[in-house]
Amino acid sequence: MHVTSKPYDFVEEHFPFRVRYRSLYAPGRKHMLAVEKYEKTSRIKHEISWVDVEQHQLLRFRHKGKSVGQRLFPVSLQNWLEPGERFEFHKYSRHGFRKGLQDWLSMLQVVRTLSMETGRVYRFPVTDGKHLYHYTVKVQKQHSIEMMDGSRRKAWKLRFDAVEGGAGAGAPSVVCLAGR
């Protein structure tokens, strides 16, 4: 996802911002592989979290790490950096690595592959690299929608509820996924 105010002159003049959120996911792994968060407002916040599959750890990297040389930045993610940009190990994730751990985008990829039946409930541990959320995804209803070519496709109404690290419930969100 790439969000920018660049095309909007008024917003750009008074509130320039840049946001980038990237996710690396492989269906065969059953968990996220890496996630990048980049924000540029009055200052830049840029962090990449990566799953060390062999050690079962979630590592966080930034421009200026705390433990230089303790962990090397993954070669496979070098193309996520700007020319000349260097990332160093910052710290291990405070919530560790759990089986099935996803980021927000990889969770949506997993949901797209699930069997959709009204009333079915799925649960996912989700991280942004820093926080841990427990998502419950409920299939609320099935629809049939007509496409522009006259064909019909199945779509589902889903409810996503999140609880952060065992705290109170977050606001629900609803999305429909059309045909596969």
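**Exercise 1. The lining of the largest pocket**

Task: Sort the residues that line the largest pocket by class, and find which strands they come from.

Solution. Sorted by class, the lining of the largest pocket holds eight charged residues, two polar ones and one nonpolar one. The structure used here is a predicted model, which should be kept in mind at every step. The next step is to put names to these classes: the residues in the lining are K37, E39, R43, I44, K45, H46, E47, R60, R62, H63 and K130. Because Ile counts as nonpolar, and Lys, Glu and Arg count as charged, while His falls among the polar residues, I44 is the nonpolar member of this lining, and H46 and H63 are the polar ones. The last step is to look at the elements, where β3 (32–40), β4 (44–52) and β5 (57–62) are those that give two or more residues to the lining. Strand β4 supplies the largest share, with four residues. The space in this pocket comes to about 280 Å³.

**Exercise 2. Two residues and their surroundings**

Task: Decide whether D52 is buried or exposed, do the same for P27, and describe what lies around each residue in turn.

Solution. Begin with D52, which is part of strand β4. Its relative accessibility is 8%, and because buried means under 20%, D52 counts as buried. Leaving aside residues up to four places away in sequence, D52 touches Q57, L59 and R71. In addition, the side chain of D52 reaches the backbone nitrogen of Q55 at 3.1 Å.

Turn now to P27, which sits in the loop between β2 (18–25) and β3. Its relative accessibility is 55%, and because exposed means over 50%, P27 counts as exposed. P27 and Q109 are 82 residues apart in sequence, and from C-alpha to C-alpha they are 8.4 Å apart in space.

**Exercise 3. The protein as a whole**

Task: State how many helices and strands the protein has, give their order, and then describe its buried share, its contacts and its surface.

Solution. The count gives two helices and ten strands. Read from the N terminus on, the elements follow the order β-α-β-β-β-β-β-α-β-β-β-β. For the buried share, 34% of the 180 residues of the protein count as buried. For the contacts, consider those in the protein with a separation of 6 or more, of which 43% are between residues 24 or more positions apart. For the surface, the protein exposes about 11400 Å², and carbon and sulfur atoms supply 53% of that area.

Terms used
Residues are numbered from 1 along each chain as its sequence is written. This is a predicted model: local features need pLDDT of at least 70, side-chain atom pairs count only at pLDDT 80 or more; totals for chains, interfaces and linings use all residues. Side-chain values use heavy atoms; hydrogens and water are left out. Buried means under 20% relative accessible area, exposed over 50%, partly exposed in between (1.4 Å probe, protein chains only). Contact means heavy atoms within 4.5 Å. Accessible areas come from the Shrake-Rupley method with a 1.4 Å probe; for residues, only the protein chains shown count as cover. On a 1 Å grid over the protein atoms alone, a cavity is a set of points where a 1.4 Å probe fits but cannot get out, and a pocket is an open set with protein on both sides within 12 Å along at least five of seven lines; lining residues have an atom within 4 Å of a point. Grid points are joined across faces, edges and corners, and a volume is the space filled by probe spheres set on the points. A polar contact is a pair of N or O atoms within 3.5 Å; within protein, one must be able to donate a hydrogen and the other to accept it, and residues adjacent in sequence count only if both atoms are side-chain atoms.
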